[in-house]
Amino acid sequence: MLRHQDETRAAYDGVVDLYASMFSDQLETRPFARNMIGTFAELVRGTGNLRVADVGCGPGHLTAMLHNLGLDAFGLDLSPAMVDHARRAHPALRFDEARMEALPVEDGALGGMLAHYSMIHTPPGELPALLAEQVRVLAPGGLLLVSLFGTEGPEPVRFDHKVTPAYSWPADQFAELLAAAGLVTFARLLHDPATERGFLDTHLLARRP
């Protein structure tokens with residue numbers, strides 16, 4: 001696990017300014033993803049626990065979006081350069097460096113967690129441990145919104161992401177991983193891709209019972 005994470009961290013450290021310039025619009029040009037995050041935020045507000053982690057927050061644009069939607073949001077990212085950029089871009093918000101399988105959050109503390117294309121670089125065999133960590137920090141009734149690249153085939157597909165290798169997933173198979181971790185998937189959205197890769201954009205919304 002550490003080797004591929006070190007490679008991912010180094011890759012994202014090297015593209016901070018470009019990445020931030022591409023994704024600073026808080027999903028203004030991505031209505032499906034934007035509205036799924038809006039639904040997620042509304043449901044989290046309904047739990048009464050407004051504390052939310054944006055895991056793999058990158059330059060912090062979605063952490064700021066969650067804050068604007070009324071949540072007590074903070075960002076976590078593997079890349080120290082991304083964290084530094086996020087702190088400068090959004091000085092009123094909290095950002096920390098962290099690995100997704102070892103989150104600096106106490107047990108059962110969060111009303112919600114956003115993982116917006118931040119699990120795509122994790123090899124399939126390592127996802128169960130990573131998802132178990134997400135469940136650990138969610139309160140009962142807490143929500144997880146995962147966005148990823150989807151495929152209509154039977155198995156995950158490794159592909160050459162522009163930053164570092166990544167995986168696309170069949171929605172049903174990823175939902176099974178969520179169930180095995182102790183989460184109940186109750187909503188999903190699949191739509192045609194916004195890029196030339198050809199994968200479906202996939203959003204899964206799950207709850208910890």
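Contact here means heavy atoms within 4.5 Å. Keep that in mind for what follows, and note that this is a predicted model.

Let's start with Thr-151, which sits in the loop between β5 (138-150) and β6 (157-159). Setting aside neighbours within four places in sequence, Thr-151 touches Val-157, Ser-168, Trp-169 and Pro-170. Buried means under 20% relative accessible area, so Thr-151, at 17% relative accessibility, counts as buried. Its side chain also has a polar atom 3.3 Å from the backbone nitrogen of Gly-153.

Just before that loop comes the strand β5 (138-150), and β5 leads us to β9. Strand β9 (residues 200-207) has 7 of its 8 residues buried, so the rest of the structure largely encloses it. Here's how β9 pairs up:

| Partner of β9 | Sense | Bridges | Residues standing opposite |
|---|---|---|---|
| β5 | antiparallel | 8 bridges | Phe-149 and Asp-201 in β9 |
| β8 (residues 184-191) | antiparallel | 7 bridges | Arg-188 and Leu-204 in β9 |

Now for a helix. How many residues of helix α4 (residues 61-68) are buried? The count is 6 of 8, so α4 is mostly covered, given that buried means under 20% relative accessible area. The buried ones are His-61, Leu-62, Thr-63, Ala-64, Met-65 and Leu-66. Their cover includes α3 (31-47), plus the strands β1 (51-55), β2 (72-77), β3 (94-97) and β4 (110-116). After α4 comes Gly-70, with a positive phi near 95°.

Note on methods
Residues numbered from 1 in each chain as written. Predicted model: local features only at pLDDT ≥ 70, side-chain atom pairs only at ≥ 80, totals over all residues. Heavy atoms only, no water. Helix = DSSP H or I, 4+ residues; strand = E, 2+ residues; numbered from the N terminus. Buried < 20%, exposed > 50% of the residue type's maximum accessible area, 1.4 Å probe, protein only. Polar contact = N/O pair within 3.5 Å; in protein donor to acceptor, adjacent residues only side chain to side chain. Pairing = 2+ DSSP bridges.
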